[in-house]
Amino acid sequence: IYGIIHGQPTKPLHTEAHTATKPEISNLMISNLTSDGFTISWTAKGTFESFVVDVTDPNRIFETSEHSVSETLRSIDISNLSANTDYVIYLTGLYQGQHLQTFSAFATTGICATAGLSSCRLILHH
């Protein structure tokens with residue numbers, strides 16, 4: 001950018017601008033479904049401060065369990081849940097003090113054993 005003072009051009013002005021890229025969560029997966037729990041895993045691009053995993057049943061009969069997960073981890077084992085029960089899982093990344101991107105998934109404890117499977121997993125894409 002050039003300016004003009006009294007009809008004369010000034011020296012050029014230079015500036016740089018950078019836009020911050022927000023981190024992203026993807027590939028939410030529920031695996032290792034047992035009669036009383038499961039494993040939740042995900043991938044993340046960029047740097048989050050931490051993650052929050054909330055687990056509740058759709059009818060809100062049981063108390064919601066909230067789990068804080070370190071920014072360096074990408075999975076958490078959830079246990080001590082009721083057998084043969086539907087659950088809703090919410091995964092949220094924290095970035096600059098704000099909740100960023102909330103993913104949800106559904107899982108049923110004991111579903112693999114009921115189906116006669118030794119293990120199974122659910123892969124969810126957002």
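This report walks through the fold, one sheet, the core and the aromatic residues of a predicted model.

## Overall layout

Let's start with the parts list. The chain has one helix and 10 strands. Reading from the N terminus, the elements go β-β-β-β-β-β-β-β-β-α-β, so nine strands come before the helix and one strand follows the helix.

Of the 126 residues in the chain, 33% are buried. The accessible surface adds up to about 8,500 Å², and carbon and sulfur atoms hold 52% of that. As for contacts, take those with a separation of 6 or more: 55% of them link residues 24 or more positions apart.

## The four-stranded sheet

Four strands make an open sheet in the order S6-S5-S8-S9, and the pairing is antiparallel. The edges belong to S6 (65-70) and S9 (98-108); each has a single partner strand, so one side of each lacks a neighbour in the sheet. On average, neighbouring strands here are turned by 20° against each other, ignoring direction. As a general point, strands of a sheet pair through backbone hydrogen bonds, parallel or antiparallel.

Inside the sheet, S5 (residues 50-56) and S8 (residues 86-95) run antiparallel and are joined by seven bridges. If you want a spot to look at, Asp54 sits opposite Tyr90 in S8.

Over on S9, have a look at Gln98. Its relative accessible area is 57%, and the cut-off for exposed is over 50%, so Gln98 counts as exposed. The C-alpha atom of Gln98 is 9.5 Å from that of Glu49, although the two are 49 residues apart along the chain.

## The nonpolar core

The largest nonpolar core has 23 residues, and the members touching the most others are Phe38, Ile40, Trp42, Val53 and Val55. At least two core residues come from each of S3 (24-31), S4 (38-45), S5, S7 (75-78), S8 and S9. In soluble globular proteins, nonpolar side chains tend to be buried together.

Ile40 is a handy place to start exploring. Leaving out residues up to four places away in sequence, Ile40 touches Leu28, Met29, Ile30, Val53, Val55, Arg74, Ser75, Ile76, Ile78 and Ile89. Two of the other core residues named above, Val53 and Val55, are on that list.

## Aromatic residues

Searching the whole structure turns up three aromatic pairs. One aromatic cluster is made up of Trp42, Phe48 and Phe51. Trp42 also appears among the core residues that touch the most other members.

Terms used: Residues numbered from 1 in each chain as written. Predicted model: local features only at pLDDT ≥ 70, side-chain atom pairs only at ≥ 80, totals over all residues. Heavy atoms only, no water. Pairing = 2+ DSSP bridges. Axes fitted to C-alpha atoms, helices over the stretch in contact; angles between N-to-C directions. Buried < 20%, exposed > 50% of the residue type's maximum accessible area, 1.4 Å probe, protein only. Contact = heavy atoms within 4.5 Å. Areas by Shrake-Rupley, 256 points an atom, 1.4 Å probe, with all protein chains shown as cover. Phe/Tyr/Trp six-rings, centres within 6.5 Å; stacked < 30°, edge-to-face > 60°. Core = buried A, V, L, I, M, F, W, Y, C linked by side-chain atoms within 4.5 Å.
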